[in-house]
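This report walks through one protein chain, from overall form to single residues. Keep the sequence and the model side by side while reading.

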Amino acid sequence: DKLLADERHGASPGVRSSWGADAITDKEYFFTLRQSGINLRRGVFDEAMLQAAESAGVTLLFSTRLTRLRRTPGEYRAMLRGPGGSQAINARMVIDASGRRATAGRQLGSVRKRFDRMVGLVARIEGHAPPADGGRVRIESMEDGWWYGVQLQCGDRLLTYMTDADVLKRHPRGAQALWQERLAASNLMTPLAGDRRDPPALDIFDASSQYLPPPKDRFFLAVGDAAMAFDPISSWGITKALCDGYHGARAMEREFLGETGAIADYATRRLGEFDKYMTKRTTVYEAECRWEHSGFWRSRHRAHENRAS
């Protein structure tokens, strides 16, 4: 709760959506435990997490990346490159929390299993007035993707179009034109975007569903998106990452205390959770059946192909 207490995070009354039909529906958060949702400011949240880690005694290296990782008898040897140049470190264990790139796991020979090629085209439109709708999240499906939009407490608006990389690649005029065209066809996002003379800058991010089969190393563990990455429609990414970190740390602790197989058991359970997620994901996408010839929707309706194991 302390991590979420910052007033720069904003409350949200619920979700307004158009999914599976032209009708617009509202889902309220009133009956949840908090009685409202939270529109998280990621920069603020990440800073609070860093401070909490440092307070717990964690040493943080900024602007540093892993360039090489190898298993040696009894330990791991890693090469890091940072502002001061390269350095080698030895470690008894490795926890990969590098996100969808799964940098450490791939250095050890694991190959990511990816189940789609979804990307997000996100624009941040600066604003000054507080959200008129209380920060309500907006979700709207389109023929080749779907929208996520929200106005933050600071007044800025985030509008993200989720689609497949192939859709973006085929568009003759690129990401900016695709985003603008889908915005013009939207009922829920156009009012949120407001009046703009110039198109906003876009960032493109990987949003694929993927799973990392762990390498056969006793003291290696992947957590968060490095272990398995969920579709943003699940709204479960940060919560899942925190749960992964907690349960992964417990598994690593038990392994060090002599409980051989604790980490392997943890990885097996996570694989089962990923299969459950893929089943739920298919159910959500199957609720939208207006575009039966769309490759985006058709590929997500194939539940029998969405198994990780």
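Is Ser63 buried or exposed? Ser63 is exposed, because its relative accessible area is 65%, over the 50% cut-off. The model is a predicted one.

## Overall form

The chain has 309 residues. Its fold contains 8 helices and 17 strands. The C-alpha trace spans about 60 × 45 × 45 Å along the principal axes. The radius of gyration is 21 Å. A compact globule with 309 residues would have a value near 19 Å, so the two agree.

Of the 309 residues, 40% count as buried. Take the contacts between residues at least 6 apart in sequence: 65% of them join residues at least 24 apart.

## Surface and charge

The chain exposes about 17400 Å². Carbon and sulfur atoms supply 52% of that area. There are 46 positive and 39 negative charges. The mean positions of these two sets lie 5 Å apart.

## Two loop serines with positive phi

Ser63 sits in the loop between helix H1 (42-55) and strand E5 (65-72). Its phi is near 50°, a positive value in a residue other than glycine.

Ser235 also has a positive phi, near 55°, and again the residue is not glycine. Ser235 belongs to the loop between E17 and helix H6 (237-256). With a relative accessible area of 61%, Ser235 is exposed.

## The E9-E15-E17 sheet

Which strands make up the open sheet that includes E15? There are 3, in the order E9-E15-E17, and the pairing is antiparallel. Strand E9 (113-114) and strand E17 (228-229) stand at the edges. Each has a single partner strand, so one side of each is left without a neighbour in the sheet.

E9 and strand E15 (residues 210-211) are joined by 2 bridges and run antiparallel. Lys113 stands opposite Tyr211 in E15.

## Arg112, ahead of E9

Arg112 is found in the loop between helix H2 (103-107) and E9. At 23% relative accessibility, Arg112 counts as partly exposed. The reason is that buried requires a value under 20% and exposed a value over 50%.

Which residues does Arg112 touch, not counting those up to four places away in sequence? The list is Arg100, Arg101, Ala102, Arg106, Gln210, Tyr211 and Leu212. One of these, Tyr211, is the residue opposite Lys113 in the E9-E15 pairing. Val223 is 111 residues from Arg112 along the chain, and their C-alpha atoms are separated by 14 Å.

## E13 and its two partners

How many of the 8 residues of strand E13 are buried? The count is 7, so strand E13 (residues 157-164) is mostly covered, given that buried means under 20% relative accessible area.

E13 pairs with strand E10 (residues 118-125) in the antiparallel sense, over 8 bridges. In this pairing Ala123 stands opposite Leu159 in E13. E13 also pairs with strand E12 (residues 145-151), over 7 bridges and again antiparallel. Here Gly145 has Thr163 in E13 as its bridge partner. E12 and E13 form a hairpin with 5 residues between them. In the turn, Gly155 has a positive phi of about 105°.

## The E6-E7 hairpin

Strand E6 (residues 75-82) and strand E7 (residues 85-91) run antiparallel. They are joined by 7 bridges. A hairpin links E6 to E7 through 2 residues. In E7, Ile89 is the bridge partner of Ala78.

## Ser17 in strand E2

Unlike exposed Ser63, Ser17 counts as buried, at 19% relative accessibility. Ser17 lies in strand E2 (residues 14-18).

What does Ser17 contact, leaving aside its neighbours within four places in sequence? The residues are Ala23, Ile24, Thr25, Ile139 and Leu188.

Note on methods
Residues numbered from 1 in each chain as written. Predicted model: local features only at pLDDT ≥ 70, side-chain atom pairs only at ≥ 80, totals over all residues. Heavy atoms only, no water. Helix = DSSP H or I, 4+ residues; strand = E, 2+ residues; numbered from the N terminus. Rg over C-alpha atoms; globule rule 2.2 N^0.38 Å. Buried < 20%, exposed > 50% of the residue type's maximum accessible area, 1.4 Å probe, protein only. Contact = heavy atoms within 4.5 Å. Areas by Shrake-Rupley, 256 points an atom, 1.4 Å probe, with all protein chains shown as cover. Lys, Arg positive; Asp, Glu negative; His and termini not counted. Charge placed at Lys NZ, Arg CZ, Asp CG, Glu CD. Pairing = 2+ DSSP bridges.
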